[in-house]
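Good morning, and thank you for coming. I would like to take you through one structure, residue by residue where that helps, and I ask that you keep the display in view as I speak.

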Amino acid sequence: MAKAIFILGLCGSGKTNLANEIKKQNQAVIYDEGLLSDKFESIYKSILENLRHDVDCVIVEINLCTKEAREFLLLKLNQDLPNTEKIWKCFENN
């Protein structure tokens, strides 16, 4: 089963480096910012297609630092692909 891996954190916290590491390990597709923008429908559709074809998706999105954004995205994913494993990687700025 494909995984949706969400990476959250502020700018410069290491999100992109972790995303690239994950991609190297398992050929995941990276969605780096822009998901929660005016491009939502096309990016979200691409994520769903990859997950349905058993391709892990790494979603790097600073807006997921807000509770409302996380709840919105989880609601959509749970409606569209309820059995998808969701992994959260959260960075803290030191």
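Let me begin at Phe40, which sits in helix α2. Please bear in mind throughout that this is a predicted model. Is Phe40 buried or exposed? Its relative accessibility is 8%, and because buried means under 20%, Phe40 counts as buried. Setting aside neighbours within four places in sequence, Phe40 is in contact with Leu35, Phe72, Leu73 and Lys76. By way of contrast, consider Cys11: its C-alpha atom and that of Phe40 are separated by 21 Å, with the two positions 29 residues apart along the chain.

From Phe40 I turn to the pair of helices. Helix α2 covers residues 40-52 and helix α3 covers residues 67-80. At what angle do the axes of α2 and α3 cross? They cross at roughly 45°, and they come within 12 Å. The arrangement of α2 relative to α3 is therefore oblique. As for handedness, α2 passes α3 in a right-handed crossing. On the α2 side, the residues making the contact are Phe40, Tyr44, Leu48, Leu51 and Arg52. On the α3 side, they are Phe72, Leu73, Lys76, Leu77 and Asp80. Sorted by class, the contact of α2 with α3 has 7 nonpolar and 3 charged residues, and no polar ones.

One member of that contact deserves a separate word. Leu73, in helix α3, is buried, with a relative accessible area of 2%. Which residues does Leu73 contact, leaving aside its neighbours within four places in sequence? They are Phe6, Leu35, Phe40, Tyr44 and Leu64. For Tyr44, the C-alpha to C-alpha distance to Leu73 is 9.4 Å, and the two are 29 residues apart in sequence.

This leads to the nonpolar interior. The largest nonpolar core has 19 residues, and those touching the most other members are Leu35, Ile47, Leu51 and Ile59. Which elements give two or more residues to this core? They are β1 (3-8), α2, β3 (57-60) and α3. The element that gives the most is α2, with 6 residues. Ile59 illustrates the packing: beyond its neighbours within four places in sequence, Ile59 is in contact with Ala4, Ile5, Phe6, Ile7, Tyr31, Leu35, Ile47 and Leu64. There is also a second, separate core of 8 residues, with Ala19, Ala28, Val58 and Val60 among them.

Next, two residues of strand β1. Phe6 lies in this strand and, at 0% relative accessibility, counts as buried. Not counting residues up to four places away in sequence, Phe6 touches Ile59, Leu64, Leu73, Leu77, Lys86, Ile87, Trp88 and Lys89. Phe6 and Arg70 are 64 residues apart in sequence, yet their C-alpha atoms are 9.6 Å apart in space.

Leu8 also belongs to strand β1. Its relative accessible area is 6%, so Leu8 is buried. Outside a window of four places in sequence, the residues that Leu8 touches are Lys15, Glu61, Leu64, Cys65, Arg70, Trp88, Lys89, Cys90 and Phe91. Between the C-alpha atoms of Leu8 and Ala19 there are 11 Å, and the two residues are 11 apart along the chain.

I should also like to visit three loop residues. Thr84 is in the loop between α3 and β4 (85-90). Thr84 nevertheless counts as buried, at 11% relative accessibility. With neighbours within four places in sequence left aside, Thr84 is in contact with Met1, Ala2, Ala4 and Leu51.

The other two concern the backbone. Most residues other than glycine have a negative phi. Where, then, is Gln27, whose place is in a loop? It is in the loop between α1 (15-26) and β2 (29-32). The phi of Gln27 is positive, near 60°. At 61% relative accessibility, Gln27 counts as exposed. Asp54, in the loop between α2 and β3, likewise has a positive phi, near 65°.

To close, I return to the helix pair: α2 and α3 cross at roughly 45°, and α2 gives the most residues to the largest nonpolar core. Thank you for your attention.

Notes: Residues are numbered from 1 along each chain as its sequence is written. This is a predicted model: local features need pLDDT of at least 70, side-chain atom pairs count only at pLDDT 80 or more; totals for chains, interfaces and linings use all residues. Side-chain values use heavy atoms; hydrogens and water are left out. Axes are lines fitted to C-alpha atoms, for helices over the stretch in contact, and angles run from 0 to 180 degrees between N-to-C directions. Helices (H or I, at least four residues) and strands (E, at least two) are DSSP runs, numbered from the N terminus. Angles under 35 degrees count as roughly parallel, over 145 as roughly antiparallel, 65 to 115 as roughly perpendicular and the rest as oblique. A crossing is left-handed if the near helix is turned anticlockwise from the far one by less than a right angle, and right-handed if clockwise. Contact means heavy atoms within 4.5 Å. Ala, Val, Leu, Ile, Met, Phe, Trp, Tyr, Cys and Pro count as nonpolar, Asp, Glu, Lys and Arg as charged, and the others, Gly among them, as polar. A nonpolar core is a set of buried Ala, Val, Leu, Ile, Met, Phe, Trp, Tyr and Cys residues joined through side-chain atoms within 4.5 Å. Buried means under 20% relative accessible area, exposed over 50%, partly exposed in between (1.4 Å probe, protein chains only).
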